[in-house]
Amino acid sequence: MTWLKTIIHELVLKVTRTRIRFIKNIMIKCFMRLYQIQLNEYSRKNINEYKSFNDFFTRELKLNNRPIDESNQSIISPVDGTVAQFGLIKLGKLMQVKGINYRLDEFLNHQEHLTKMFDNGFFISIYLAPYNYHRVHLPYEGTLVGAEMISGKTHRVDQKALKTIKNLYIENQRLISNFESNIFNFSLVMVAALNVSSMSITSKNQGTNFYEKAEEYGRFNLGSTVVILFPESSQLSWSSSIKAGQKVKFGECIAKVR
């Protein structure tokens with residue numbers, strides 16, 4: 001069945017990028033109706049302004065639409081989404097859902113220095129539903145020191161899948177991006193989803209690998225999950241509003257550095 005999944009994947013990518021106005025507008029209208037999407041918080045409010053369905057899917061927010069917590073101690077949500085899980089990385093394992101864990105070393109593609117760095121540290125995974133804003137931003141300022149795309153499957157990543165597919169985040173394709181800041185290092189992992197393994201890093205005009213907090217880093221070209229890893233030395237204190245199942249918005253504080 002691998003060949004069938006490959007065909008479906010390629011078909012999805014091709015259709016979502018078509019610039020035939022009639023086709024892409026029908027897709028956008030149906031999608032908006034299905035997920036009750038309003039464009040009032042986005043910069044382009046007319047569907048004719050979008051070149052393709054993918055252009056619509058990765059639509060940009062209206063300037064200053066999301067207030068950013070700019071405190072030097074705050075970690076912000078890099079996306080709009082729903083908290084799947086968060087907490088401590090214990091004995092080299094992270095929680096997928098209650099009762100199901102996955103291994104840190106396998107998730108990081110056996111990068112030993114990263115595994116040691118984040119063991120006993122902190123993590124949070126945030127699921128992006130199809131109706132969410134699908135650009136990914138920096139949760140804290142940092143310099144990109146490495147990025148690795150890990151090939152894999154494209155399982156669904158919703159709650160039902162998390163409860164039934166063990167090692168889901170390890171099996172799925174993912175982009176592991178590692179950052180250094182003056183205070184601590186952290187990793188931002190973008191995990192692919194059903195029929196979708198199209199993730200992209202946003203081009204920077206400055207020719208530098210330094211990112212400000214809240215600066216756009218990448219995009220899911222059809223959606224999925226973000227997992228952020230922090231070392232024990234960050235001594236994070238989670239926001240009192242953060243819990244599994246809680247919806248979060250890009251820019252809001254999810255944790256603070258002690």
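Strands, a surface patch and a buried aspartate

Strand β7 and strand β8 (residues 174-180) run antiparallel and are joined by 7 bridges. The model in which this pairing appears is a predicted one. Within the pairing, T143 has E180 of β8 standing opposite. Strand β7 covers residues 142-150 and also pairs with strand β11, residues 210-211. Here 2 bridges make the connection, and the two strands again run antiparallel. G142 of the model stands opposite Y211 in β11. To follow these pairings in the structure, begin at G142, opposite Y211, and then look at T143, opposite E180.

A further set of strands can be taken next. Three strands, in the order β6-β12-β10, make up an open sheet of 3 strands with antiparallel pairing. Its edges are β6 (135-137) and β10 (199-201), each of which pairs on one side only. On average, neighbouring strands of this sheet are turned by 25° against each other, with direction ignored. Between β10 and β12 (residues 216-220) there are 3 bridges, and these strands run antiparallel. One residue pair can be located directly: M199 has F220 in β12 as its bridge partner.

The next stop is on the surface. I20, F22, I23 and I26 form a nonpolar patch there, and together they have about 390 Å² of accessible area. One of these residues, I26, lies in helix α2, which spans residues 21-35. How exposed is I26? Its relative accessibility is 38%, so I26 counts as partly exposed. The class of partly exposed residues lies between the cut-offs for buried, under 20%, and exposed, over 50%.

The last stop is D80, which is found in the loop between β1 (74-76) and β2 (81-88). Is D80 buried or exposed? D80 is buried, because its relative accessible area is 2%, and buried means under 20%. The side chain of D80 has partners that can be found in the model. One is the side chain of R66, with which the D80 side chain makes a polar contact at 2.5 Å. Another is the backbone nitrogen of F250, which the side chain of D80 reaches at 2.7 Å. A reader who selects D80 can therefore look for a buried residue in a loop, with contacts from its side chain to the side chain of R66 and to the backbone of F250.

Key. Residues are numbered from 1 along each chain as its sequence is written. This is a predicted model: local features need pLDDT of at least 70, side-chain atom pairs count only at pLDDT 80 or more; totals for chains, interfaces and linings use all residues. Side-chain values use heavy atoms; hydrogens and water are left out. Two strands pair if DSSP finds at least two bridges between them. Helices (H or I, at least four residues) and strands (E, at least two) are DSSP runs, numbered from the N terminus. Axes are lines fitted to C-alpha atoms, for helices over the stretch in contact, and angles run from 0 to 180 degrees between N-to-C directions. Patches are made of residues with over 30% relative accessible area and no salt bridge: like charges are joined within 9 Å, nonpolar side chains (Val, Leu, Ile, Met, Phe, Trp, Tyr) within 5 Å. Accessible areas come from the Shrake-Rupley method with a 1.4 Å probe; for residues, only the protein chains shown count as cover. A salt bridge is a side-chain nitrogen of Lys or Arg within 4 Å of a carboxyl oxygen of Asp or Glu. Buried means under 20% relative accessible area, exposed over 50%, partly exposed in between (1.4 Å probe, protein chains only). A polar contact is a pair of N or O atoms within 3.5 Å; within protein, one must be able to donate a hydrogen and the other to accept it, and residues adjacent in sequence count only if both atoms are side-chain atoms.
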